[in-house]
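Here's a two-chain model to poke at. Have a look at it first, then we'll talk it through.

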Amino acid sequence: MYTGPAGSANLTEQIHDYNVHIDSNDVFWMVRVPHEAVRVDFDDARASLRVQGVPVFDDHDLANSLTFGLGLPGDLGFPYPAIAPTAPVRATVSFDVEWNGAVATAQIHNDAQQFKGFFLSTGATINWSAEQPGFRFQSETPDPTRNLVSVLGHEQNGVFFG
Amino acid sequence: MNITNTVRPSRRTFLGTMASAGTALGAGLLCPKTAYANSEDGEGQHAPCALLNPIPGGLAPFKPFAIFIHHNPLSPAVALADIKDPSQITDFDGFVGLTHIRGGGTGIDTNTGTTTPLAFQADMGFSQGKFIGADGRRHHGTFAFV
């Protein structure tokens, strides 16, 4: 979440960063949800993800999320701004994401990354909210023009790649 | 603390370094719930310790200050046929979804009622299917990327 105009995402203007944190096996920001939370109609290029009240952390910004609250120094010759250290706080998020309609399709067989499958570039919308002590956020009415890029896939990777 | 020589610090090595330096913030808040999944081997019984395995690839934003993350974010500049694995988990066979959406909304100070227009970026998704867990067993599961 950013203080800039809608559609912007500048790190120095970020004031909230909601995620479930990396798990103890280094898996990035994944959390189990009920099976019914996800519905996929792959043949029709549609899917949805609907969850209410997921416990998350607000790390304030991406830099603090990926440095575990240490921020960025900003003065050592690297192309990153100075970001002050910030400790995470607990929050909840609810979201309704919809993938809708194929824009492009691709069959991928990537030996280097050991993944393959059939992938769709799709339209997408999101309606989401966040809540934490002293603050609440509600996204605008879902707007298909806000989608930058979204993908659906039926894939196999790792041991299922062969 | 000096982590500039660590090319790809994982979460575990990064946290170990932080903990030894006594500088980690909010360490008790760092771990999400353990991933649960239905075990095929157990005929639908829950396997409460079925940890997922991360994809081997990813990237290191803010290198050398931050960790290597096992995630390939979508970019509008990359053609669909050239995308990297959009899954966060490996040894996986199923459906994946990933988004990269920017928009706006309203922030509300719940103490004062003051409202503020804000921008957001949502990189979210899901994985639903079968996978081999860190326990070496086959499972089914549904996961949100949040």
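What follows is a set of questions and answers on how the chains meet, how the strands pair, and which backbone spots stand out.

This is a predicted model, so to speak of local features we need pLDDT of at least 70, side-chain atom pairs count only at pLDDT 80 or more, and totals for chains, interfaces and linings use all residues. Residues are numbered from 1 along each chain as its sequence is written, while chains are lettered from A and ligands numbered from 1 in the order in which they are written.

Q: How many residues does each chain bring to the contact?
A: Two residues are in contact here if their C-beta atoms, placed from the backbone, lie within 7 Å. On that basis, the contact takes 84 residues from chain A and 81 residues from chain B.

Q: Which element supplies the largest share of the side of chain A that touches chain B?
A: Elements are DSSP runs numbered from the N terminus: helices are H or I with at least four residues, strands are E with at least two. Several elements of chain A supply at least two residues each to that side, including strand 4 (46-58), helix 1 (62-66), strand 5 (89-110) and strand 8 (147-157). The largest share is 11 residues, and it comes from strand 8 of chain A.

Q: By class, what does the side of chain A that touches chain B have?
A: Ala, Val, Leu, Ile, Met, Phe, Trp, Tyr, Cys and Pro count as nonpolar, Asp, Glu, Lys and Arg as charged, and the others, Gly among them, as polar. Sorted that way, the side of chain A that touches chain B has 23 polar, eight charged and 53 nonpolar residues.

Q: How many bridges join strand 8 of chain A to strand 3 of chain B?
A: Two strands pair if DSSP finds at least two bridges between them. Here the strands run antiparallel. A:Leu152 stands opposite B:Gly97, and A:Gln156 has B:Asp93 as its bridge partner. The bridges between strand 8 of chain A and strand 3 (residues 92-109) of chain B come to nine.

Q: Which residue of strand 3 of chain B stands opposite A:Gln138?
A: Strand 7 of chain A is joined to strand 3 of chain B by five bridges, and the two run antiparallel. Opposite A:Gln138 stands B:Thr106.

Q: Within chain B, which residue is the bridge partner of B:Gly94 in strand 5?
A: Strand 3 of chain B has seven bridges to strand 5 (residues 125-132) of chain B, running antiparallel. For B:Gly94, the partner in strand 5 is B:Gly129.

Q: Which residue in the turn between strand 3 and strand 4 of chain B has a positive phi?
A: Eight bridges join strand 3 to strand 4 (residues 115-122) of chain B, and the strands run antiparallel. They form a hairpin with five residues between them. The one with a phi of about 85° is B:Gly113.

Q: Is B:Ala122 buried or exposed?
A: B:Ala122 is found in strand 4 of chain B, with B:Ile101 standing opposite. Leaving aside neighbours within four places in sequence, B:Ala122 is in contact with A:Ile126, A:Trp128, B:Thr99 and B:Ile101. A residue is buried if 20 or more other C-beta atoms lie within 10 Å of its own, exposed if 12 or fewer, and partly exposed in between, with C-beta atoms placed from the backbone. Because B:Ala122 has 24 other C-beta atoms within 10 Å, the call is buried.

Q: Which strand of chain A gives the most to the largest nonpolar core?
A: A nonpolar core is a set of buried Ala, Val, Leu, Ile, Met, Phe, Trp, Tyr and Cys residues joined through C-beta atoms within 7 Å. The largest has 66 residues, and those with the most contacts inside it include A:Phe95 and B:Phe145. Seven residues of this core come from its top contributor, strand 6 of chain A.

Q: What is the omega of the peptide bond from B:Lys63 to B:Pro64?
A: Most residues other than glycine have a negative phi, and most peptide bonds are trans. B:Pro64 is in the loop between strand 2 (46-47) and strand 3 of chain B. The bond from B:Lys63 is cis, with omega near 10°.

Q: Is B:Phe62 buried or partly exposed?
A: B:Phe62 lies in the loop between strand 2 and strand 3 of chain B and has a positive phi of about 65° although it is not a glycine. Since B:Phe62 has 17 C-beta neighbours inside 10 Å, it counts as partly exposed.
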